[in-house]
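Subject: A structure for you to look at

Hi there,

Here is the structure I promised to pass on. Please open it beside this email, and my notes follow below.

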Amino acid sequence: MPSERTLIGLDTAAANGNHGGRPLAVDGDMLAVALRRRDANEPVTSIARRLGVGRSTLYRTLAAYDEAAATMSSPGQHEK
């Protein structure tokens with residue numbers, strides 16, 4: 001378990017906009033380009049090559065996007 005000083009330091013860094021961690025391989029702009037190209041029926045391998053990311057990375061990113069989009073478009077899922 002992290003010490004109290006460590007947690008205070010992490011909270012302070014977060015308050016200053018520093019969240020740490022590895023940067024995303026596919027940012028929002030790259031995702032938008034990939035989605036447009038996929039909608040134009042361009043192969044994922046070709047899209048990944050042009051964006052300079054790995055094919056598996058792009059597949060995972062697109063799958064996560066599709067899952068999030070499907071979740072958001074399902075009406076009544078949170079109703080009780």
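Let me start at Glu-4, which has its place in helix H1, residues 4–15. Please keep in mind as you read that this is a predicted model. Glu-4 counts as exposed, because its relative accessibility is 62% and the exposed class begins over 50%. A useful long-range pair to check in your viewer is Glu-4 and Thr-61: they are 57 residues apart in sequence, and their C-alpha atoms are 35 Å apart in space.

Now for the overall picture. The protein has four helices and zero strands, so the pattern along the sequence reads α-α-α-α. How does the radius of gyration compare with what the globule rule gives for 80 residues? The protein comes out at 18 Å, well over the 12 Å from the rule, and it is therefore more spread out than a compact globule. If you want to set up a box, the C-alpha trace spans about 50 × 45 × 20 Å along its principal axes.

A few totals go with that. Of the 80 residues, 15% count as buried. The protein exposes about 6,600 Å², and carbon and sulfur atoms supply 53% of that area. Among the contacts with a separation of 6 or more, 42% come from residues 24 or more positions apart. On the charge side, there are 10 positive and 9 negative side chains, with the centres of the two sets 10 Å apart.

Next, a residue from the interior. Leu-31 sits in helix H2, and it is buried, because its relative accessible area of 17% falls under the 20% limit. Which residues does Leu-31 touch, once its neighbours within four places in sequence are left aside? They are Val-26, Thr-61, Leu-62 and Tyr-65. Thr-61 turns up again here: it is 30 residues from Leu-31 in sequence, yet the two C-alpha atoms are 7.9 Å apart in space.

Helix H4 covers residues 55–73, and Ala-68 lies in it. Is Ala-68 buried, exposed or partly exposed? With a relative accessibility of 38%, Ala-68 counts as partly exposed. From Ala-68 to Arg-22, which is 46 residues away along the chain, the C-alpha separation is 21 Å.

The loop between helix H2 (28–39) and helix H3 (44–51) deserves a look too, and Asn-41 is found there. Most residues other than glycine have a negative phi. Asn-41 has a positive one, near 65°. Asn-41 is also exposed, with a relative accessible area of 68%. Its C-alpha atom is separated by 16 Å from that of Asp-66, 25 residues apart along the chain.

Glu-42 lies in the loop between H2 and H3 as well. The side chain of Glu-42 is joined to that of Ser-46 by a polar contact of 2.8 Å. Beyond its neighbours within four places in sequence, Glu-42 is in contact with Arg-37, Ile-47 and Arg-50.

If you only have a few minutes, I would suggest viewing the surroundings of Leu-31, with its contacts to Val-26, Thr-61, Leu-62 and Tyr-65, and then the positive phi of Asn-41.

Happy to talk any of this through whenever it suits you.

Best wishes

Note on methods. Residues numbered from 1 in each chain as written. Predicted model: local features only at pLDDT ≥ 70, side-chain atom pairs only at ≥ 80, totals over all residues. Heavy atoms only, no water. Helix = DSSP H or I, 4+ residues; strand = E, 2+ residues; numbered from the N terminus. Rg over C-alpha atoms; globule rule 2.2 N^0.38 Å. Buried < 20%, exposed > 50% of the residue type's maximum accessible area, 1.4 Å probe, protein only. Contact = heavy atoms within 4.5 Å. Areas by Shrake-Rupley, 256 points an atom, 1.4 Å probe, with all protein chains shown as cover. Lys, Arg positive; Asp, Glu negative; His and termini not counted. Charge placed at Lys NZ, Arg CZ, Asp CG, Glu CD. Polar contact = N/O pair within 3.5 Å; in protein donor to acceptor, adjacent residues only side chain to side chain.
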